[in-house]
Amino acid sequence: MWLTRIVAVALVAGMASVSFGALPGLAQPKIPADFGFDQGKDSPGKVTFSHEKHKEKVEKCTGCHTKIFKMKKGQTGTPTMDKMKAGEQCGACHNGKTKVGSAVVFNVDDKTNCEKCHTKK
Ligand code: HEC
Ligand code: HEC
Ligand code: HEC
């Protein structure tokens with residue numbers, strides 16, 4: 001299937017570019033440091049993504065890699081709110097529905113949550 005093929009290609013591409021320590025399932029994978037995204041038009045503030053903070057909540061690397069995000073910065077495409085509201089990228093979980101444990105992951109489409117991701121200017 002084409003989908004399987006894309007995932008397989010993404011996996012190979014991702015792994016070629018990172019150390020083998022990043023392979024899911026191996027002991028002590030190397031986790032990238034926090035990084036920021038370039039700001040799109042009218043972005044209300046800089047967004048920083050923290051692997052460290054997600055590690056506690058999303059236990060497995062495969063929770064995001066490589067179905068939701070490729071394992072190389074900038075390769076998934078520019079994040080936009082439209083895509084996220086449609087359930088892609090960060091919105092795959094931050095949709096006010098996905099549960100981790102007993103907590104519902106906060107929604108990208110709620111005005112009280114903008115500043116959880118976008119730091120104030
Ligand atoms: C909650 C989602 C999420 C989880 C879980 C996650 N990552 Fe990531 N990771 C990302 C995002 C987002 C990017 C950037 C992708 C992009 O820009 O296209 C990324 C990128 C990476 C990169 C590339 C960094 C670079 O500078 O190019 C590596 C390596 C990586 N992740 C390793 C891991 C490992 C190892 C784990 C498990 C311990 C993990 N990730 C778990 C979201 C996640
Ligand atoms: C695989 C699911 C998943 C994806 C994809 C994901 N997150 Fe999260 N994120 C979580 C969970 C679970 C929490 C903790 C529960 C909560 O705070 O609602 C969290 C928490 C956060 C927090 C609060 C961290 C803290 O404790 O201070 C921020 C900020 C955040 N995510 C940003 C992002 C951004 C930006 C992206 C996209 C680049 C993203 N997340 C993608 C699952 C995900
Ligand atoms: C889960 C994290 C997260 C939440 C919550 C979030 N955003 Fe975003 N947003 C991002 C990321 C990542 C980008 C891409 C980087 C940038 O443009 O700053 C982005 C980009 C944007 C952009 C520019 C690109 C586009 O799609 O137009 C606007 C405008 C925006 N966000 C508005 C908002 C508003 C308004 C809220 C609250 C209703 C919000 N965001 C909540 C993560 C989030």
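The following paragraphs walk through the fold, the confidence of the model, the surroundings of two ligands and one alanine.

The structure shown here is a predicted model. The mean pLDDT of the protein is 84, and 75% of the residues reach a pLDDT of 70 or more. One stretch calls for some care in reading: over residues 6–22 the pLDDT stays under 50. For that stretch, the model has 21 contacts beyond four places in sequence.

Four helices and four strands make up the secondary structure of the protein. A reader following the sequence from start to end meets these elements in the pattern α-β-β-α-α-β-β-α. Of the 121 residues in the protein, 10% are buried. The contacts give a further view of how the chain comes together: among those between residues at least 6 apart in sequence, 41% join residues at least 24 apart.

Attention can now turn to the ligands, beginning with ligand 2. This ligand is surrounded by 20 residues, and the closest are Lys57, Cys90, Cys93, Val100 and Phe106. Two helices, α2 (51–57) and α4, each supply at least two residues of the shell around ligand 2. The most comes from α2, which gives three residues to this shell. In terms of residue character, the shell around ligand 2 divides into 13 nonpolar, four polar and three charged residues.

Ligand 3 has its own set of neighbours. Here 22 residues surround the ligand, and Gly40, Ser43, Thr80, Cys114 and Cys117 are the closest. The elements giving two or more residues to the shell around ligand 3 are α3 (81–85) and α4 (114–117). With three residues, α4 gives the most to the shell around ligand 3. Nine nonpolar, seven polar and six charged residues form the shell around ligand 3. Helix α4 thus appears in both descriptions, supplying at least two residues around ligand 2 and three around ligand 3.

A single residue rounds off the tour. Alanine 92 sits in the loop between α3 and β3 (99–100). Leaving aside residues up to four places away in sequence, alanine 92 touches Ile68 and Gly87. Alanine 92 and cysteine 64 are 28 residues apart along the chain, while their C-alpha atoms are separated by 9.1 Å. How exposed is alanine 92? This residue counts as partly exposed because it has 18 C-beta neighbours inside 10 Å, whereas a buried residue would need 20 or more and an exposed one would have 12 or fewer.

Technical notes. Residues are numbered from 1 along each chain as its sequence is written. Chains are lettered from A and ligands numbered from 1 in the order in which they are written. This is a predicted model: local features need pLDDT of at least 70, side-chain atom pairs count only at pLDDT 80 or more; totals for chains, interfaces and linings use all residues. A residue is near a molecule or strand if its C-beta atom, placed from the backbone, lies within 6 Å of it. Ala, Val, Leu, Ile, Met, Phe, Trp, Tyr, Cys and Pro count as nonpolar, Asp, Glu, Lys and Arg as charged, and the others, Gly among them, as polar. Two residues are in contact if their C-beta atoms, placed from the backbone, lie within 7 Å. pLDDT is the predictor's confidence in each residue, from 0 to 100.
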